[in-house]
Amino acid sequence: MNNASVENQSTNVNRPEPVVRMEDCSISFGGIHAVDNASLSLCKGEVVALLGHNGAGKSTFIKLLSGAYKRDTGTIHIRGEQATINNPRDAKAYGIETIYQTLALADNVDTAANLYLGRELRTAWGTLDDVAMEARAREVMGRLNPRFQRFKEPVKALSGGQRQSVAIARAILFDAQILIMDEPTAALGPQETAQVGELIKQLKDDGISIFLISHDIDDVFDLADHVAVMKNGQMVGTAPVTDVTRDEVLGMIILGKCPPGATPGPGALRDGTVSQ
Ligand SMILES: Nc1ncnc2c1ncn2[C@@H]1O[C@H](COP(=O)(O)OP(=O)(O)O)[C@@H](O)[C@H]1O
Ligand SMILES: [Mg+2]
């Protein structure tokens, strides 16, 4: 048996090393434990949905991965190796990109300019290479949203769903392997929400791993492989979506009650009390 087949065999029996493994991560602001010993993993091509009430600590937790905040304690492994993530630049170097709810697009310029904002392509003469940027923008947008044709318009003229695809295109343009989406559909109507759902499925098919923060339990059950619920900065539990019902997930969010199909975290309610 050659080495390759030995390797294949071993990866078949063992669960693959997660692309992201966050362990016992904490951060406090003043006296508030915004994130308290939270752990969560993400495998290649998976969507892991992070749920919880407002103020539960979801955004803060993923900001520890995106480098927006530096954690007080805990470790982060990326593709099996301990990672140093102290700022957004560090995170980008690991192929981690974040799409915030606000999208942070430059409204007055077109799609190609937004895709290359701050990292513009230049010609050999040092001028902006608009031709190359537009060609690449058409290629990436064509893959994400084949019907999109409004390349010459400022992004403020685009619909919410189209703007979302520009933000996603910008994230994957530089080969993001790990995508963090914080409430991507919060400001969108039903049709555009469905469009973003299609984008997420496509990214997943391309092997991109996604942390998806969402309030929409239907979206979560439609898109996610695993759910993770936070409450008061703590992880209530994680579960494959196939092992929990919508009502059980609501029970995790509202009561902190961990159902049998989920793996409890430090924030799980047990016998009427939150375990420590
Ligand atoms: N920069 C900050 N300074 C002080 N408190 C913060 C900061 N960011 C978040 N928090 C607090 O941390 C807690 C978790 O917030 P957040 O992560 O935004 O929750 P979620 O995204 O689940 O709604 C909240 O109590 C919030 O007020
Ligand atoms: Mg948030």
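**Figure 1. Two domains make up this predicted model.** Domain 1 comes in two stretches of sequence, 17-95 + 177-276, while domain 2 covers 108-174. Take the centres of the two over C-alpha atoms, and they sit 29 Å apart.

**Figure 2. Here's where domain 1 and domain 2 touch.** Domain 1 brings 11 residues to the contact and domain 2 brings 9. On the domain 1 side, helix H7 (residues 190-205) chips in with the largest share, 6 residues. Sort that side by class and you get 8 nonpolar, 2 polar and 1 charged residues.

**Figure 3. Now for the largest nonpolar core, a set of 76 residues.** Leu65, Leu179, Leu212 and Val227 have the most contacts inside this core. Helix H6 (residues 160-173) is the top contributor, giving 6 residues. Both domains take part: at least three residues come from each of domain 1 and domain 2. As a rule, nonpolar side chains in soluble globular proteins tend to be buried together.

**Figure 4. A closer look at Val227 and what it touches.** Leaving aside residues up to four places away in sequence, Val227 is in contact with Ala49, Leu51, Val220, Thr238, Ala239, Val241, Val244 and Val249.

**Figure 5. Finally, the shell around ligand 1.** Phe29, Ile32, Ala34, Gly52, Asn54, Gly55, Ala56, Gly57, Lys58, Ser59 and Thr60 surround the ligand. Strand E2 (32-42) and helix H2 (58-66) each supply at least two of these residues, and H2 has the largest share, with 3. By class, the shell splits into 4 nonpolar, 6 polar and 1 charged residues.

Technical notes:
Residues are numbered from 1 along each chain as its sequence is written. Chains are lettered from A and ligands numbered from 1 in the order in which they are written. This is a predicted model: local features need pLDDT of at least 70, side-chain atom pairs count only at pLDDT 80 or more; totals for chains, interfaces and linings use all residues. A nonpolar core is a set of buried Ala, Val, Leu, Ile, Met, Phe, Trp, Tyr and Cys residues joined through C-beta atoms within 7 Å. A residue is buried if 20 or more other C-beta atoms lie within 10 Å of its own, exposed if 12 or fewer, and partly exposed in between; C-beta atoms are placed from the backbone. Helices (H or I, at least four residues) and strands (E, at least two) are DSSP runs, numbered from the N terminus. Domain bounds come from an automatic or database domain assignment. Two residues are in contact if their C-beta atoms, placed from the backbone, lie within 7 Å. Ala, Val, Leu, Ile, Met, Phe, Trp, Tyr, Cys and Pro count as nonpolar, Asp, Glu, Lys and Arg as charged, and the others, Gly among them, as polar. A residue is near a molecule or strand if its C-beta atom, placed from the backbone, lies within 6 Å of it.
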